[in-house]
Amino acid sequence: MGKLQEFELTFDNNKVVYSPGDSISGTLKIKVAQSFQCKAIKVNCNGFCGVTNKVNDAAWTVEEQYFNSTVSVADKGTLKQGDHCFPFKFLIPATAPTSFEGNYGKIIYRVRAFVDTPRFSKDYKAERPFYLLSLLNLNEVPDILEPSSSAVTRQFTYLLVKTGTVVLQAQSDMKGYTPGQVIQLTTSIHNQSGKTTGTVVASLMQRVTYETKRPTHDLRAIAEVEGAGVKAGKEAEWKEQIIVPPLPQSSLSGCELIKIEYYIRVSLKSPEVMLTLPIHIGNISLDTTPTLPPRPAPKPAPRPAPRSRLSSHVSPSAPPAEDHEGAAGGAASEAIPTKSHSQLGASGPHAAVSPSAFSYAPGLTFSQNQRHSGPAADSSGPLFCVSTGATIPFFSESGANPMPTSCPLILPPDYRNSAYPQEAPPSYDESCNT
């Protein structure tokens, strides 16, 4: 570097992830090999968003500034030979949005240092990025616990002269998820025609809109599952589960140039029928713990009724008959088998993934610790990692270790070797006798 052997910016405690409203502090380290004149030494901290119409183009069409602060750590004079340290500190605004990096735009935060020298002399510059995380709490989104559902009816023509109707219905168990959670998807197809339908496909979609003079929409499929078709005149139900991979949050609060949306797209290939289920991706998962109603006050015991002089014999009645579902009425719906699972990531548009990466056994649920545990976790690393697709970085839930996205998705625990009771538990009478 000529007269400078070292020109480096460091953050206190090597911290790189901050929250809105935090202060960022550090030190500018300079090692001078030969004394030279300088006009000033300045440190700048800024955050901005830039969008463009071309992929990976840094010539921004539209920019949005969030903050830009500069402090002078040394005035005009001679920078003598040896080591020099200049501390700095900045306050991050509480309205700054979360860091983001996509194909057509970025939200960038950085600290830069400058050494201004006299005319015809070389200026020195250094830069260090940092990341901002504004947590999206899904519990604050209205109606987030309600299922996301939709239905569509399509009439079509086949064999030139015949017509038929297909009714497609789909529903997710909730409207909000965090990375690692499972989307429970139920799809119903009623084929009111004489032709077998094509396969049914469910895809987790990400749509990023970059607001320029002519808005750019970046649409991609994150995960995809495929089921078999429905035979003529049949009604069938398809139940599938999709794991949410590491993704940026739905809302970039404070940013007006980038908008992120997620939805589940369910479609039939023949005839062409499609519907969408909007969902939210956040950082803090929903609290689904049911609230218990208050216990009622105990009622006083009723007085025993006087015994009648005439003894009457009462025959024991039979227990009420069980109402077996499907014993009477229409025929039950058929079940649609799943044909394939895939994750559409950076390795290709149809990169195959093990079926267990997206499908669990029906009714299986996992705790927060199980969802975030794994050999990839590293307690020494920062609470973020580079995610697949159109964002950098991905932030895990507060207090949890980051999950590297280069490895396969989170897999369910192996319950095949679990030890089950070999004998039935004792009855109530047997328990009392012992």
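How many helices and strands does the secondary structure of the chain come to? The count is 2 helices and 24 strands. The model is predicted.

**Figure 1. Overview of the predicted chain, with its burial and surface.** The chain has 434 residues, and 41% of them are buried. Its accessible surface comes to about 25800 Å². Carbon and sulfur atoms hold 51% of that area. Contacts reach across the sequence: among those between residues at least 6 apart, 72% join residues at least 24 apart.

**Figure 2. Close-up of the open sheet S1-S3-S8.** Three strands make up this sheet, and their pairing is antiparallel. Which strands stand at the edges? They are S1 (4-11) and S8 (82-91). Each has a single partner strand, so one side of each lacks a neighbour in the sheet. Neighbouring strands are turned by 15° against each other on average, direction ignored.

**Figure 3. Close-up of the pairing between S1 and S3.** Strand S3 covers residues 23-32. S1 and S3 run antiparallel and share 7 bridges. One of the residues to look for is Leu4, whose bridge partner in S3 is Val32.

**Figure 4. Close-up of the largest nonpolar core, with Ile30 and its contacts.** This core has 80 residues. Which of them touch the most other members? They are Ile30, Phe130 and Ile258. Strand S19 (residues 258-268) gives the largest share of the core, 6 residues. Leaving aside residues up to four places away in sequence, Ile30 touches Leu4, Glu6, Phe7, Ile41 and Leu79, among others. The list also includes Gly82, Asp83, His84, Phe86 and Val115.

**Figure 5. Close-up of Thr187 in strand S15.** S15 spans residues 182-192. Is Thr187 buried or exposed? Thr187 counts as buried, because its relative accessibility is 0% and the cut-off for buried is under 20%. Residues up to four places away in sequence are again left out of its contacts. Thr187 then touches Leu168, Gln169 and Ala170, as well as Ala236, Glu237 and Trp238. Val266 is also among the residues touched by Thr187.

**Figure 6. Close-up of two cysteines, Cys45 and Cys85.** The structure holds 0 disulfides. Cys45 has a relative accessible area of 1%, so Cys45 is buried. Cys85 has a relative accessible area of 53%, so Cys85 is exposed.

Definitions and conventions. Residues numbered from 1 in each chain as written. Predicted model: local features only at pLDDT ≥ 70, side-chain atom pairs only at ≥ 80, totals over all residues. Heavy atoms only, no water. Helix = DSSP H or I, 4+ residues; strand = E, 2+ residues; numbered from the N terminus. Buried < 20%, exposed > 50% of the residue type's maximum accessible area, 1.4 Å probe, protein only. Contact = heavy atoms within 4.5 Å. Areas by Shrake-Rupley, 256 points an atom, 1.4 Å probe, with all protein chains shown as cover. Disulfide = S-S within 2.5 Å. Pairing = 2+ DSSP bridges. Axes fitted to C-alpha atoms, helices over the stretch in contact; angles between N-to-C directions. Core = buried A, V, L, I, M, F, W, Y, C linked by side-chain atoms within 4.5 Å.
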